[in-house]
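User: Please take a close look at one part of this model. I want the helix packing on both faces of a single helix, plus the core behind it.

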Amino acid sequence: MGGPAGESGLGTTRSRVLNVSAIVATDPAIAMQFLDKALQLAGDDELARMAALNNRAHLLGQIGNVDGAVRLIEEAIEIAASTGYRHREAALRNHLADLHHVAGRVSEADRTMTDAVAMFADIDAGEWEPELWFLSKW
């Protein structure tokens with residue numbers, strides 16, 4: 001992002017604040033506005049972008065746009081895979097499995113969940129960074 005020194009870091013911080021605000025928002029329309037702005041402010045920051053995509057996908061899934069949610073999660077997975085964030089990729093694959101399950105795509109859900117679990121099992125515990133992720137009950 002252009003502009004004065006530190007502007008990129010400020011945009012990332014604002015993106016993260018908006019992400020958290022969207023998580024706790026009770027009105028889906030307001031949450032979506034927060035996430036749209038979070039994506040915009042994330043710029044080139046892969047972590048902020050993945051978080052915003054994941055949260056936007058979660059919200060889309062909640063309001064019934066599962067296919068839109070899947071597209072966003074797939075974009076986030078591509079970012080995670082290309083940047084080497086393996087634990088985030090595994091968590092995103094887990095979210096993708098949840099979305100396939102909601103859509104009734106059982107074989108896709110099972111395959112994707114198996115991939116996520118295998119990836120989690122292969123990650124060294126020293127690579128983990130604590131974060132807030134959504135869990136779904138099947």
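Analyst: What follows is a walk through helix 5 and its two neighbours, with the core and one loop added.

The model is predicted. Helix 5 spans residues 86-102. Two packed helices are described by the angle between their axes and the distance between the axes.

Take helix 4 and helix 5 to begin. Their axes come within 9 Å and cross at roughly 165 degrees. That makes helix 4 roughly antiparallel to helix 5, because angles over 145 degrees count as such. The crossing of helix 4 past helix 5 is left-handed. On the helix 4 side, the contact uses Val 66, Ala 69, Val 70, Ile 73, Ala 76, Ile 77, Ala 80 and Ala 81. Helix 5 answers with Arg 88, Glu 89, Leu 92, Arg 93, His 95, Leu 96, Leu 99, His 100 and Val 102. Sorted by class, this contact holds twelve nonpolar, two polar and three charged residues.

Now helix 5 and helix 6. Helix 6 covers residues 106-122, and the two axes come within 8 Å, crossing at roughly 160 degrees. Helix 5 and helix 6 are therefore roughly antiparallel too. Helix 5 passes helix 6 in a left-handed crossing. From helix 5, the contact residues include Arg 86, His 87, Ala 90, Asn 94, Ala 97 and Asp 98. From helix 6, they include Glu 108, Thr 112, Met 113, Ala 116, Met 119 and Phe 120. The class split here is nine nonpolar, five polar and six charged.

Next, the core. The largest nonpolar core has 26 residues. Met 50, Leu 53, Ile 73, Leu 92 and Leu 99 touch the most other members. Helix 1, helix 2, helix 3, helix 4 and helix 5 each give two or more residues to this core. Helix 4 supplies the largest share, nine residues.

Ile 73 links these views. Ile 73 is among the helix 4 residues that meet helix 5, and is also one of the core members with the most contacts to other members. Leaving out residues up to four places away in sequence, Ile 73 touches Asn 54, Ala 57, Leu 92, His 95, Leu 96 and Leu 99.

Last, the loop between helix 3 and helix 4, where Gly 64 is found. Gly 64 has a relative accessible area of 56%, so this residue counts as exposed, the cut-off being over 50%. Gly 64 and Ala 103 are 39 residues apart along the chain, yet their C-alpha atoms are separated by 9.3 Å.

Methods: Residues numbered from 1 in each chain as written. Predicted model: local features only at pLDDT ≥ 70, side-chain atom pairs only at ≥ 80, totals over all residues. Heavy atoms only, no water. Core = buried A, V, L, I, M, F, W, Y, C linked by side-chain atoms within 4.5 Å. Buried < 20%, exposed > 50% of the residue type's maximum accessible area, 1.4 Å probe, protein only. Contact = heavy atoms within 4.5 Å. Axes fitted to C-alpha atoms, helices over the stretch in contact; angles between N-to-C directions. Parallel < 35°, antiparallel > 145°, perpendicular 65-115°, else oblique. Left-handed = near helix turned anticlockwise from the far one by under 90°. Nonpolar A, V, L, I, M, F, W, Y, C, P; charged D, E, K, R; others polar.
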